[in-house]
Amino acid sequence: GLDFQVPKGQVVALIGSNGAGKTTTMRALSGMIRPRAGSIRLNGREIGGLDSHDVARFGLAHSPEGRRVLMIHRNARPDDPHLGKYNGLGGKLHPDEDVIAGLKREIREEANIECEAVSLAGTISWPGFGKGGEDWFGFVFRVERFTGVPPAANPEGTLEWVEIERVPTLPLWDGDRFFLPLVFDRAAPQFHGVMPYRDGKP
């Protein structure tokens with residue numbers, strides 16, 4: 001077991017070898033996993049067993065150094081053409097918006113967070129991608145810094161922090177598998193591509 005306190009105004013380092021439980025401890029503190037026993041208290045309040053978005057409201061959050069990505073599991077609307085798939089956040093521009101303004105509005109509406117810094121990973125042209133065969137064009141951004149706490153869900157589905165290595169195992173649009181590795185690879189150059197679709201397949 002583990003027993004320690006962090007007094008107000010102090011910094012405590014958790015040191016140990018690989019597999020000693022450092023990451024597991026941090027995940028338990030921030031609500032990413034539920035402890036099987038014991039107690040976790042923050043300012044006198046029991047937080048052990050709370051979900052991460054509830055823990056964050058009390059001022060404690062875990063930043064996993066770019067190892068996770070916030071995705072939406074489109075599982076709320078039976079008529080959704082994306083039903084069952086995992087998507088990144090975002091949507092369509094309004095006629096009076098530039099790309100950045102539209103990005104910030106969409107993410108604010110979908111996840112209740114404010115984008116403070118973004119970077120353009122690339123662009124994709126999807127001829128024939130729309131439900132009626134319409135052509136789509138997308139700007140793919142990384143959100144480098146944000147404020148706010150995403151809710152557990154929105155009207156389109158559940159919001160989930162997904163480990164990046166698990167993303168390829170999720171139900172995605174087939175074409176996403178070609179460019180998502182470039183989004184997550186910080187050393188990759190900015191990309192620009194064309195991916196024709198026919199009958200829902202690239």
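Helices here are DSSP runs of H or I with at least four residues, numbered from the N terminus. I note at the start that this is a predicted model.

**Entry: the end of helix H1**

I looked up what follows helix H1, and found glycine 31 just after H1, with a positive phi of about 85°. Helix H1 itself covers residues 22-30. Which residues of H1 are buried? I wrote down Thr25, Ala28 and Ser30. I then checked what lies over them, and the cover of the buried residues of H1 includes helix H2, residues 52-57.

**Entry: the whole chain**

I went through the secondary structure and noted 4 helices and 9 strands. Along the sequence, I read their pattern as α-β-β-α-β-β-α-β-β-β-β-α-β. The C-alpha trace spans about 60 × 35 × 30 Å along its principal axes.

I looked up burial next: the chain has 202 residues, and 29% of them count as buried. The exposed area of the chain is about 13,100 Å², of which carbon and sulfur atoms supply 53%.

For contacts, I took those between residues at least 6 apart in sequence; 53% of these join residues at least 24 apart. For charges, I noted 25 positive and 26 negative ones, and their mean positions are 5 Å apart.

**Entry: the sheet of E6, E5 and E9**

In what order do the strands of the open sheet stand? I found E6-E5-E9, 3 strands with mixed pairing. Strand E6 (136-147) and strand E9 (191-194) are the edge strands, each pairing on one side only. Neighbouring strands of the sheet are turned by 30° against each other on average, with direction ignored.

I then took the two pairings one at a time. E5 and E6 run antiparallel and are joined by 11 bridges. In this pairing I located leucine 120, which stands opposite phenylalanine 141 in E6. Strand E5, residues 114-126, pairs with E9 in the parallel sense over 4 bridges. Here threonine 123 stands opposite histidine 192 in E9.

Which helix packs on the sheet? I found helix H4, residues 176-184, touching E5, E6 and E9. The direction of H4 makes about 30° with that of E6.

**Entry: isoleucine 100**

I placed isoleucine 100 in helix H3, which covers residues 99-111. Why does isoleucine 100 count as partly exposed? Its relative accessibility is 32%, and partly exposed covers what lies between buried, under 20%, and exposed, over 50%. I therefore entered isoleucine 100 as partly exposed, at 32%.

I also looked up what isoleucine 100 touches. Leaving out residues up to four places away in sequence, I found Val118 and Phe141. Phenylalanine 141 had come up before, in E6 opposite leucine 120.

Last, I checked a distance: how far apart are the C-alpha atoms of isoleucine 100 and glycine 128? They are separated by 25 Å, and the two residues are 28 residues apart along the chain.

Methods: Residues numbered from 1 in each chain as written. Predicted model: local features only at pLDDT ≥ 70, side-chain atom pairs only at ≥ 80, totals over all residues. Heavy atoms only, no water. Pairing = 2+ DSSP bridges. Helix = DSSP H or I, 4+ residues; strand = E, 2+ residues; numbered from the N terminus. Axes fitted to C-alpha atoms, helices over the stretch in contact; angles between N-to-C directions. Contact = heavy atoms within 4.5 Å. Buried < 20%, exposed > 50% of the residue type's maximum accessible area, 1.4 Å probe, protein only. Areas by Shrake-Rupley, 256 points an atom, 1.4 Å probe, with all protein chains shown as cover. Lys, Arg positive; Asp, Glu negative; His and termini not counted. Charge placed at Lys NZ, Arg CZ, Asp CG, Glu CD.
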